[in-house]
2 protein chains.
Amino acid sequence: MDPMRSPLLTDLYQLTMLESYYERGMVAPATFELYARKLPPHCGYLVAAGLAQALEWLEHARFGPDELEWLEQSGLFKPAFLDRLADWRFTGEVHALPEGTAVFPDEPIIQVTAPLPEAQLVESRLMNLLQFQTLVATRAARVVDAAQGRRVVDFGMRRAHGAEAAMFAARASYLAGFDATATVLAGAEYGIPVTGTMAHSYILAFAEEMEAFKAFLEAHPDKAVLLIDTYDTEAGADKVVALAQQGLKASAVRLDSGDLADHAHRVRRILDQGGLQETLILASGDLDEYAVAAMVAAGVPIDGFGLGTRIDTAAEQPFLECAYKLMAYEELPRRKRSEGKGHWAGRKQFWRSHDAQGRVSGDRLGLADEQPAPDGQPMLERVMLDGRPLQAPEHLDTIRERTRKSIQALPALCRDLHDPTPVPVTPTRALKAAAREADRITGYCSE
Amino acid sequence: MDPMRSPLLTDLYQLTMLESYYERGMVAPATFELYARKLPPHCGYLVAAGLAQALEWLEHARFGPDELEWLEQSGLFKPAFLDRLADWRFTGEVHALPEGTAVFPDEPIIQVTAPLPEAQLVESRLMNLLQFQTLVATRAARVVDAAQGRRVVDFGMRRAHGAEAAMFAARASYLAGFDATATVLAGAEYGIPVTGTMAHSYILAFAEEMEAFKAFLEAHPDKAVLLIDTYDTEAGADKVVALAQQGLKASAVRLDSGDLADHAHRVRRILDQGGLQETLILASGDLDEYAVAAMVAAGVPIDGFGLGTRIDTAAEQPFLECAYKLMAYEELPRRKRSEGKGHWAGRKQFWRSHDAQGRVSGDRLGLADEQPAPDGQPMLERVMLDGRPLQAPEHLDTIRERTRKSIQALPALCRDLHDPTPVPVTPTRALKAAAREADRITGYCSE
């Protein structure tokens, strides 16, 4: 059973509820929406990502012989339910925000309308697929903003949480504007440019650092990036100059430890004095958007940044406060009112408005069947019908360009790295009425 | 190409270095070790986990036709290197700490000895596999400690970072002492007990909460857990009592929002007054070891905890500060001296000593060929030879029992949740001599 495809990668309660829904014939259309409850700390926006994988999963999820056999021997379910699962496939309709679009709390990132048991079962994996890529794309977009045109590369595979996370982190950071990844398989699968330098172990495998540099330069005459901090960073830079004088020229050096800003200044001076003005300085080691922004603001002579752990694990807060909630059943709005976790009811759409300069001025969140505002652009698009995608997956560079435009259109205050002001999201009158209606339907007010 | 098996799930520089090693005939045996540089915040120990997956990956990693074709068309490598990769397999020897063992910084979790290019290539995926499970097992062991015998269950699949992370989080939390997981596929693949309750959407799909409870109790007469916070927690508890009086008895109720301690007291009172002393109270929602410990210390009447996001993402710090470093090449010790990232050189072993009461008194970190101390137990075991595992994978319950014993043997101060004192790790004289020798070999002192 392949965890990336099996519908058993879900919470047990989904199956328990499904059995009950089928037994009671509760198969009317239901609409669920996945939305953020809150922005991550210090973030003024989110960048929606992961839709391609979500649609692929929805299209192909099936209970195969191995799944059915395990469910049967588990003794947890009745045979009639297992028969039903043998034919199960997702037949629903999906509306979603195109990947690479800026999005705010309460706005649906994906909206699933399907017979209740189908829309329910897919919850766990849809959240699992969408929340992580959205989280990484958001952090990565902030890094790109902070780097102000300097090169930024994903180095984080080793500390991502497993194989799929490593792949998704490479994909999400690239669509958010990173220039490349070190993860080879992400190059092979997604067409992302791959790049790399050398590890400390390469240096250590030679008796002398000089010898290691020389060997690497000989093997990669035009594009060698030398890691110069294994023993002493400035002494390493001196060797780079000495080797250039022998005709072995590095394209860049990499710093990976100590005070990166301080070393960058010293190394730049050594390289320049040695006539190596064109040799770039790359830096890595525990970087995030804040560190990049600080170095850029201070004019530190670093030409490119390798970011790993803190972006690939979204370390500042490694989860998105999001939910996948039933919004309508049998065409009627529904909502829960749990303390601190209430939400707007009904099947939604939202519209984005821009000012005369083309900046986003605000979003209106309303019901899908509302008359659209004349100045607002509807953001959710229909992407799947009867469980089949309506178009081929987008090219990653198309998404990357969408991200660039979507972020550039945000007000500067919304893009602030430290204390941003998100774009206002205003509920329509119809949305407020639907919330009251939902409370009436479920008898909340009468209790 | 399956990300969970493909050797292309690696950093590009591994392949670049490999090509150079093969070209220069640098294929002598090298020893690399993976170790933690620091403990995660507030942690007094780590629990080693993920070895089974690491060994499986090492045994099966191959460059298949798809991998070779992509590498060829990438134009990044020479044909001779690709021919070499076509026959590549890991042929090395591995020593490791059995899963479920408490471990401290600088102590090897896994030690790989193989021809340099093989030991080098496996770095990225070994770190990716071992650091995440070790991180989750560590957090989960702390939760188990905090829960003092109350039931703890993994609910975190939806916010884990992708499919493999969800599976590994279920595995690592179970081997660390969790009682069950909600992730069905982890039950199917690893034999972990699976459990579940119901979601808010189930309640919302019915016009009345009472109707939803009734439907669920009828479908699961003996084991229904009712989620009672959708509208009003105490009103939900009243309904549970009313239904019991009609003969429909819930086995437990679940609280998932608001002040869990406060609601638990009120709900316990309502249930007890309704004659439901045996109905358990389960709680979930943003819990971690600190929240569990605080509720247990305050005598909050909660019988079981569902933990998700904060454990499955190791949210307090979602990465392990660890490294996989070259320790010896051509039988000689090596080490890097980068600022803040230096390490002990040489191929290691470590020994654990216990006091008269059976408590761990300290570890000694030394070289593998040192005479063992008479009172110390050697911790690293040989688990793989010529790229083949030396024994069948352990049963997860065997590992779980090892974790229990390993944590119980730690001093109370080391298990403190807030300000622990780790067990002291003392380097042997031979280890100190090896570090000096490594610096001499790589010319560090003479620069």
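# Exercises on a predicted two-chain model

Three bridges join strand 15 of chain B to strand 19 (residues 425–427) of chain B, and the two strands run parallel. The model is a predicted one, and the exercises below start from this pairing.

**Exercise 1. Determine how strand 15 of chain B is paired, and whether its residues are mostly buried or exposed.**

Step 1. On the side of strand 19 of chain B, where the pairing is parallel, the bridge partner of B:Asp363 is B:Val425.

Step 2. Strand 14 (residues 348–354) of chain B is joined to strand 15 of chain B by seven bridges, and here the two strands run antiparallel; within this pairing B:Gln349 stands opposite B:Gly366.

Step 3. The hairpin made by strand 14 and strand 15 of chain B has five residues between the strands, and B:Gly358 takes a positive phi near 85° in it.

Step 4. Strand 15 of chain B, residues 360–367, is mostly covered, since six of its eight residues are buried.

**Exercise 2. Work out the strand order of the four-stranded open sheet of chain A, and explain why one side of strand 16 and of strand 19 is left without a neighbour.**

Step 1. The four strands follow the order 16-14-15-19 in chain A, and the sheet is open with mixed pairing.

Step 2. Strand 16 (377–378) and strand 19 (425–427) of chain A stand at the edges, and because each has a single partner strand, one side of each has no neighbour in the sheet.

Step 3. At the strand 16 end, strand 14 (residues 348–354) of chain A pairs with strand 16 in the antiparallel sense over two bridges, and A:Gln377 of strand 16 is the bridge partner of A:Arg352.

Step 4. Helix 17 (residues 429–441) of chain A lies across strand 14, strand 15 (360–367) and strand 19 of chain A, and runs at about 40° to strand 15.

**Exercise 3. State which operation superposes chain B on chain A, and what it implies for the relation between the copies.**

Step 1. The operation is a rotation of 180° with 0.0 Å of shift along its axis, and the superposition has an RMSD of 0.0 Å.

Step 2. The two copies are therefore related as by a two-fold rotation axis.

Step 3. The same surface serves both copies, given that 100% of the contact residues of chain B recur in chain A.

**Exercise 4. Decide whether B:Gln131 is buried or exposed, and identify the residues it touches.**

Step 1. B:Gln131 is placed in helix 6 (residues 123–147) of chain B.

Step 2. Buried means under 20% relative accessible area, and B:Gln131 counts as buried because its relative accessibility is 0%.

Step 3. Beyond residues up to four places away in sequence, B:Gln131 touches A:Arg158, A:Arg159, A:Ala160 and A:His161 of chain A, together with B:Phe319, B:Leu320 and B:Cys322 of chain B.

**Exercise 5. Find which residues of helix 10 of chain B are buried, and name elements that cover them.**

Step 1. In this helix, residues 209–219, the buried residues are B:Glu209, B:Ala212, B:Phe213, B:Ala215, B:Phe216, B:Leu217 and B:Ala219.

Step 2. Their cover includes helix 1 (12–23) of chain A, as well as helix 9 (200–204), strand 8 (225–227) and helix 11 (233–245) of chain B.

**Exercise 6. Identify the residues with the most contacts inside the largest nonpolar core, and follow the contacts of B:Leu85.**

Step 1. This core has 308 residues, and those with the most contacts inside it are A:Leu15, A:Leu85, A:Trp88, B:Leu15, B:Leu85 and B:Trp88.

Step 2. Leaving aside neighbours within four places in sequence, B:Leu85 is in contact with B:Leu15, B:Leu18, B:Phe63, B:Leu68 and B:Leu71.

**Exercise 7. Locate A:His42 and A:Asp106, and classify their accessibility.**

Step 1. Most residues other than glycine have a negative phi. A:His42, although not a glycine, has a positive phi of about 65°, and A:Asp106, also not a glycine, has a positive phi of about 75°.

Step 2. A:His42 is found in the loop between strand 1 (29–36) and strand 2 (46–47) of chain A, whereas A:Asp106 lies in the loop between strand 4 (102–103) and strand 5 (108–115) of chain A.

Step 3. A:His42 counts as partly exposed because its relative accessibility is 38%, and A:Asp106 counts as partly exposed at 30% relative accessibility.

Definitions and conventions: Residues are numbered from 1 along each chain as its sequence is written. Chains are lettered from A and ligands numbered from 1 in the order in which they are written. This is a predicted model: local features need pLDDT of at least 70, side-chain atom pairs count only at pLDDT 80 or more; totals for chains, interfaces and linings use all residues. Side-chain values use heavy atoms; hydrogens and water are left out. Two strands pair if DSSP finds at least two bridges between them. Contact means heavy atoms within 4.5 Å. Axes are lines fitted to C-alpha atoms, for helices over the stretch in contact, and angles run from 0 to 180 degrees between N-to-C directions. Buried means under 20% relative accessible area, exposed over 50%, partly exposed in between (1.4 Å probe, protein chains only). A nonpolar core is a set of buried Ala, Val, Leu, Ile, Met, Phe, Trp, Tyr and Cys residues joined through side-chain atoms within 4.5 Å. Copies are superposed by least squares on the C-alpha atoms of residues with pLDDT of at least 70 in both.
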